[in-house]
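Let's take a walk through this fold, one piece at a time. Have the viewer open and follow along.

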Amino acid sequence: MKSFKLFDSKQELMERMGEDGRSIVRIGEKKICLVLNQGEFHAFDHLCPHNQHSLLEGAINYKNEVVCPLHAYRFSLKDGSECEQRTKPLKIHSIKIENDGVFLLVKD
């Protein structure tokens with residue numbers, strides 16, 4: 001797992017998230033979605049593993065799943081599993097908020 005400093009503070013992260021509580025960051029060639037849902041920050045790969053559609057516009061349902069807007073595949077924000085195992089899991093990453101900044105821990 002690799003660590004990347006995204007922001008200098010939680011306040012900077014909140015500003016970047018905007019009113020809709022969503023943002024996207026680029027780590028090299030990889031795009032990562034950041035989502036604020038029910039007071040928790042989540043980070044996951046930008047593209048759905050099924051058909052490579054952007055998940056940035058995907059709804060977050062009451063089960064804490066991101067729903068792909070293309071084919072309605074549902075991925076757990078906890079472990080990335082698709083609710084019916086119809087495709088491989090979504091890569092879930094971690095966000096750590098420390099005194100010296102906000103860090104993204106990216107799974108390889």
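Before we start, one working definition: a charge sits over a ring if NZ of Lys or CZ of Arg is within 6 Å of the ring centre and within 35 degrees of the ring normal. Keep in mind, too, that this is a predicted model. With that in hand, look at Arg86: its charged end sits over the ring of Tyr73, 4.1 Å from the ring centre. As for aromatic pairs, the structure holds zero of them.

Now for the sheet. It is an open one of six strands, in the order β1-β9-β8-β4-β3-β2, with antiparallel pairing. At the edges stand β1 (2-7) and β2 (22-27); each has a single partner strand, so one side of each is left without a neighbour in the sheet. From one strand to the next, the twist averages 30°. Helix α1 (residues 10-17) packs on this sheet, touching β1, β2, β3, β4, β8 (92-98) and β9 (101-106). The helix direction makes about 110° with that of β2.

Let's follow the pairings, starting from the β2 edge. Six bridges join β2 to its antiparallel neighbour β3, and one of the matched pairs is Arg26 with Lys31 in β3. These two strands form a hairpin with two residues between them, and Gly28 in the turn has a positive phi of about 65°. Next along, β3 (residues 30-37) runs antiparallel to β4 (residues 40-45), again joined by six bridges. Here Asn37 stands opposite Glu40 in β4.

Over on the other side, β8 and β9 make a hairpin too, with two residues between them. They pair in the antiparallel sense over five bridges, and Ile97 has Val102 in β9 as its bridge partner. On to β1, which five bridges join to β9, again antiparallel; Lys5 finds its bridge partner in Phe103 of β9.

That brings β9 into focus. Is this strand enclosed or open to the outside? Six of its six residues are buried, so β9 is largely enclosed by the rest of the structure. In a regular strand the side chains alternate between the two faces of the sheet. In β9, Gly101, Phe103 and Leu105 point one way and Val102, Leu104 and Val106 the other, and all are buried.

What about the nonpolar cores? The largest has 14 residues, of which Leu6, Leu13, Ile32, Leu34, Ile95 and Leu104 touch the most other members. Two or more residues each come from β1, α1, β2, β3, β4 and β9, and β9 gives the largest share, three residues. Leu104 is a good one to click on: leaving aside residues up to four places away in sequence, its contacts include Phe4, Leu6, Val25, Ile27, Ile32, Ala43 and Ile95. Apart from this core lies another, of 13 residues, among them Leu55, Ile60, Tyr73 and Leu90.

Finally, a couple of backbone oddities. Most residues other than glycine have a negative phi, and most peptide bonds are trans. Gln52 has a positive phi of about 60° although it is not a glycine; this residue lies in the loop between β4 and β5 (59-60) and is partly exposed, with a relative accessible area of 48%. Asn64 has a positive phi as well, about 65°, and lies in the loop between β5 and β6 (65-67). At 22% relative accessibility, Asn64 counts as partly exposed.

Methods: Residues are numbered from 1 along each chain as its sequence is written. This is a predicted model: local features need pLDDT of at least 70, side-chain atom pairs count only at pLDDT 80 or more; totals for chains, interfaces and linings use all residues. Side-chain values use heavy atoms; hydrogens and water are left out. Two strands pair if DSSP finds at least two bridges between them. Helices (H or I, at least four residues) and strands (E, at least two) are DSSP runs, numbered from the N terminus. Axes are lines fitted to C-alpha atoms, for helices over the stretch in contact, and angles run from 0 to 180 degrees between N-to-C directions. Contact means heavy atoms within 4.5 Å. Rings of Phe, Tyr and Trp (its six-membered ring) pair if their centres lie within 6.5 Å; planes under 30 degrees apart count as stacked, over 60 as edge-to-face and the rest as tilted. A nonpolar core is a set of buried Ala, Val, Leu, Ile, Met, Phe, Trp, Tyr and Cys residues joined through side-chain atoms within 4.5 Å. Buried means under 20% relative accessible area, exposed over 50%, partly exposed in between (1.4 Å probe, protein chains only).
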